[in-house]
Amino acid sequence: MSISSTQQASRKRQHRSPSIVLLAVLILLGGGYGLWRNHAQAKAAASAASAQPAPKVPVTVATVRKADFPLYLYGLGTVTPLNSVSISSRVAGVVDQVPVEQGQMVKQGDLLAEIDPRPYQAALDQAKAKEAEDEATLKNAQVVLKRLSTLLQKTFETQQDVDNQQAVVTTTAATIEGDKAAIEAAQLNLDFTRITAPLSGKTSFRTIDPGNIVQAGQSPGLFTLVQLQPIYVSFTQPQDEVATINKVFTAGPMPIDTLGADMKTVLASGKLEAIQNQVDQASGTISLKATFANQDNALWPGLSVNTRMRIGTMSGAIVVPDEAVQHGPDGLFAYVVGDDGKVHRQTVKTGPSDGGETVVTDGLSQGQRVVIAGQYRVVDGASVDATPPPGAGQTQAGTAQPGGAS
């Protein structure tokens, strides 16, 4: 009975084995088909993607221009007044009035301060009285001399008496001349009690007030008066530029601008006035001085300014914005946009640069378009979507912007 059951179980296992194998085979075949199908679909998608054109890179471009490019020398200068005067009293006394405000603009001849004039008026009156007294004495001596001279002719007087009286007349006349000098000195001291502006300019903060006693020539003075119009700017240039500066200065007036800290804002325009007669060997520089009308008082004594002096012009220069010139491992280059909308890398050589523009001496020609923004996403041969910068139409249609060499 048990043998028969074992045999039946064995027959059932033998009957199920082919079914399991077949099922496994079917599963493997289905999985392989699925993998093949997914691979085929991925390959087809990749082929479709590769068939589509790559997106264009957005860039900003500018047109290469030909223009006259000004050449400049830059420097650092200090504004100095054309004249600076320390106002002091030339006589001693009590200050009666100070009619000007601190830091006030005054004209030549305006009253700045007045010293009590009464002691000096009294001295003047005394000198005039002494002159009147001596003139009366002279007239009397002249009358006596005339009488003695008449008596001498009649032998009633001696020659000695006449000569003595002549000496009295001469001495009295000399005394009157001294009186006149004393009157002039007294009048001058009286005039000095009124302190007036020797030039037109701006006063400093005052050091005295009405009621103070001042001494003649005391230090510090009562005011400092500086002339603002015109005004100087003193600056330096390297000694290597001396020959160029002398050549241009000899040919005619050299225009000079003073610039603000941004190196763009023009504070004032003037001309070169003088060149120092020798180079400072310690610094290797030459000192120069320029004059500015300064009608708007943009320049102030002691102010530090940047100077820009024009020394010439490059005619017909090839000019591009500074941003167009890139630095690479092999030197300078620019991305040029072709007619097909693709960029290519162009090696360039540059000259002077100023005012946001650079002169290109080799590598570019007028009318080409160069990339000035977006270069970090550009590769050689890439297609680009090129747009001009804002206001490019006006800039490119105009003349060259100021520029030069430093």
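## Salt bridges

A salt bridge here is a side-chain nitrogen of Lys or Arg within 4 Å of a carboxyl oxygen of Asp or Glu. Keep in mind that we're looking at a predicted model. With that rule in hand, the count comes to seven salt bridges. Take aspartate 116 and arginine 118: their side chains meet at 3.0 Å, N to O, and that makes a salt bridge. The two partners sit in contrasting surroundings. Aspartate 116 has a relative accessibility of 13%, so it counts as buried. Arginine 118 is exposed, with a relative accessible area of 62%.

Arginine 206 and aspartate 209 give another salt bridge, with the closest N and O atoms 3.0 Å apart. Here arginine 206 comes out as partly exposed at 26% relative accessibility, and aspartate 209 is partly exposed too, with a relative accessible area of 39%.

## A link between α2 and α3

What joins lysine 130 and aspartate 179? Their side chains meet in a salt bridge, 3.8 Å from N to O. Lysine 130 belongs to helix α2 and aspartate 179 to helix α3, so this pair ties together parts that are 49 residues apart in sequence.

Is aspartate 179 buried or exposed? Its relative accessible area is 7%, so aspartate 179 is buried. Lysine 130, on the other hand, is partly exposed at 36%. The pair doesn't stand alone, either: Lys130, Asp134 and Asp179 are linked in a network of salt bridges.

## Helix α3

Helix α3 covers residues 159-192, which is 34 residues. From first C-alpha to last, α3 reaches 50 Å, close to the 50 Å you'd expect at 1.5 Å a residue.

Its buried residues include Val162, Val169, Ile176, Ile183 and Leu190. Some polar side chains are on that list as well, among them Gln165, Thr172 and Asp179. What covers the buried residues of α3? The cover includes helix α2 (118-153) and strand β7 (194-196).

## Two nonpolar cores

The largest nonpolar core has 24 residues, and those with the most contacts inside it are Val98, Leu112 and Phe223. At least two residues of this core come from each of β6 (111-115), α2, α3 and β10 (223-226). Helix α3 gives the most, with four residues.

Leucine 112 is a handy place to start if you want to look around in there. Skipping neighbours within four places in sequence, leucine 112 is in contact with Ile87, Val98, Pro99, Val100, Val106, Ile195, Thr196, Ala197, Thr203 and Phe223. Apart from this core lies another, of 19 residues, and among them are Val79, Val226, Val233 and Leu299.

## An open sheet of four strands

How are the strands ordered in the open sheet? Four strands line up as β7-β6-β4-β9, and the pairing is antiparallel. At the edges are β7 and β9 (213-214), each pairing on one side only.

Inside that order, β4 (residues 93-97) pairs with β6 in the antiparallel sense over two bridges. If you want a register point, valine 95 stands opposite isoleucine 115 in β6.

## Two threonines to look at

Threonine 78 is in strand β2 (residues 65-81). With a relative accessible area of 35%, threonine 78 is partly exposed. Leaving out residues up to four places away in sequence, threonine 78 touches Tyr232, Val233, Ser234, Gly302 and Leu303. Valine 233 is 155 residues away along the chain, yet the C-alpha atoms of threonine 78 and valine 233 are separated by 5.5 Å.

Threonine 291 is found in strand β14 (residues 285-292). Why does threonine 291 count as buried? Its relative accessibility is 17%, and buried means under 20%. Which side chain does threonine 291 meet in a polar contact of 3.0 Å? The partner is glutamate 273. Glutamate 273 also turns up among the residues threonine 291 touches, along with Pro230, Ile231, Tyr232, Gly270 and Lys271, again not counting residues up to four places away in sequence.

Notes: Residues are numbered from 1 along each chain as its sequence is written. This is a predicted model: local features need pLDDT of at least 70, side-chain atom pairs count only at pLDDT 80 or more; totals for chains, interfaces and linings use all residues. Side-chain values use heavy atoms; hydrogens and water are left out. The expected span of a helix is 1.5 Å times one less than its number of residues. Buried means under 20% relative accessible area, exposed over 50%, partly exposed in between (1.4 Å probe, protein chains only). Contact means heavy atoms within 4.5 Å. A nonpolar core is a set of buried Ala, Val, Leu, Ile, Met, Phe, Trp, Tyr and Cys residues joined through side-chain atoms within 4.5 Å. A polar contact is a pair of N or O atoms within 3.5 Å; within protein, one must be able to donate a hydrogen and the other to accept it, and residues adjacent in sequence count only if both atoms are side-chain atoms. Two strands pair if DSSP finds at least two bridges between them.
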